Amino acid sequence: MFLYLSKLLPLFFYPLGLACVSLIVALVTLWKRPRIAAIAITLALTLLVFCSNAWIAKSLVRSLEWQNLTTTEIPNAEAIVVLGGATKSAFPPRPTVDLSESGDRVIYAAQLYRQKKAPLIILSGGRIDWRGSGSPESADMATILTSIGIPSQAIIQEPLSLNTYENAVNVRKIIEARGIKKVLLVTSAMHMPRSLKIFQRQGINVMAAPTDFLVSEGELQELGSTPKAAILNLLPDTDNLHQFTTALKEYIGSFVYYLRGWL
């Protein structure tokens, strides 16, 4: 039940969800209470315009992604832990497993392995039944890794986790059983602050290896590179709205996990 509510309830705190609720209120009150309807419409418009401009969205994303930047060479460890959320199962018409927008996680793990940063890759992630059936995400990630030349004997699958907390708990069991003392954690840069704290709370000696950055120094410089660019980046854009919502999701997730004592 917690898993279901954790996915459902935050939708009403995201810009698009709040805007939809406001518009429903406006529709219901339009004839009898036009003043309330006008306020609701204004709120919906303000939310969408504010949260979908590049200046706001990229600043919020940056506040998460740049928390764990690696200023030195990534150290060696005993295992590389990759969190799920990076694949799409091989349902027709897909010929095989596809990488999602977060697929950099899998590729980066392969690169770290080939750089001999660790001799093992632990893939952590199950599959939520009501969000589409199929193989566990750990199996899908293993399929991708073996297809690009990572030996199967270097891969350990953890197929039961349905959220980041379960990732940490189940990975801890694996590394304790194998006597692993130090791991590299690979996940999207925006997801790293929450993930790192959860793993540390489990007593795991973990080092951040973020990837899948949505905001770079170059993109920030481009925002105001010219007067035209500065104005255009104030206009609503669906990609910016998505980035803002994803960052807000991480902040809400951190708050909920803190209340549950997982951080």
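**Note on the predicted model: cysteines, sheet and helix packing**

1. The sulfur of Cys20 lies 13 Å from the closest cysteine sulfur, which belongs to Cys51, and this is too far for a bond. The model discussed here is a predicted one, and the structure holds zero disulfides. A disulfide is a covalent bond between the sulfur atoms of two cysteines, and the cut-off applied here is that the two sulfur atoms be within 2.5 Å. Cys51 is likewise in no disulfide, with the sulfur of Cys20 as its nearest cysteine sulfur.

2. Are these two cysteines buried or exposed? Cys20 has 40% relative accessibility and therefore counts as partly exposed, whereas Cys51, at 4% relative accessibility, counts as buried. The reasoning rests on the cut-offs, since buried means under 20% relative accessible area and partly exposed lies between that value and 50%.

3. Turning to the sheet, five strands form an open arrangement in the order β5-β4-β1-β6-β7, and their pairing is parallel. Because β5 (155-158) and β7 (206-208) stand at the edges with a single partner strand each, one side of each is left without a neighbour in the sheet. From one strand to the next, the twist averages 25°.

4. Strand β6 (residues 183-186) can be followed through its pairings on either hand. With β1 it pairs in the parallel sense over four bridges, and Val82 stands opposite Val186 of β6. With β7, β6 is joined by three bridges, the two strands again running parallel, and Leu185 has Ala208 of β7 as its bridge partner. The side chains of β6 are divided between two directions, with Val183 and Leu185 pointing one way and Leu184 and Val186 the other way, and all of these residues are buried.

5. Which strands does helix α8 lie across? Helix α8 (residues 192-201) lies across β1 (79-83), β6 and β7, and runs at about 170° to β7. The helix is mostly covered, with seven of its ten residues buried; these are Met192, Pro193, Arg194, Ser195, Leu196, Ile198 and Phe199. The elements against which the buried residues of α8 pack are α4, α7 (164-178) and α11 among the helices, together with the strands β1, β6 and β7. After α8 comes Gly203, which has a positive phi near 80°.

6. Two of the helices that meet the buried residues of α8, namely α4 and α11, also pack against each other. Helix α4 (residues 54-65) and helix α11 (residues 238-259) do so at an angle of about 35°, with their axes 8 Å apart, and their crossing is left-handed. On the α4 side the contact is made by Ala54, Ile56, Ala57, Lys58, Leu60, Val61, Ser63 and Leu64, while α11 contributes Asn240, Gln243, Phe244, Ala247, Leu248, Glu250 and Tyr251. Sorted by character, the residues of this contact comprise ten nonpolar, three polar and two charged. As general background for reading such lists, an α-helix has 3.6 residues a turn, so residues three or four places apart point the same way.

Technical notes:
Residues are numbered from 1 along each chain as its sequence is written. This is a predicted model: local features need pLDDT of at least 70, side-chain atom pairs count only at pLDDT 80 or more; totals for chains, interfaces and linings use all residues. Side-chain values use heavy atoms; hydrogens and water are left out. Axes are lines fitted to C-alpha atoms, for helices over the stretch in contact, and angles run from 0 to 180 degrees between N-to-C directions. A crossing is left-handed if the near helix is turned anticlockwise from the far one by less than a right angle, and right-handed if clockwise. Contact means heavy atoms within 4.5 Å. Ala, Val, Leu, Ile, Met, Phe, Trp, Tyr, Cys and Pro count as nonpolar, Asp, Glu, Lys and Arg as charged, and the others, Gly among them, as polar. Two strands pair if DSSP finds at least two bridges between them. Buried means under 20% relative accessible area, exposed over 50%, partly exposed in between (1.4 Å probe, protein chains only).
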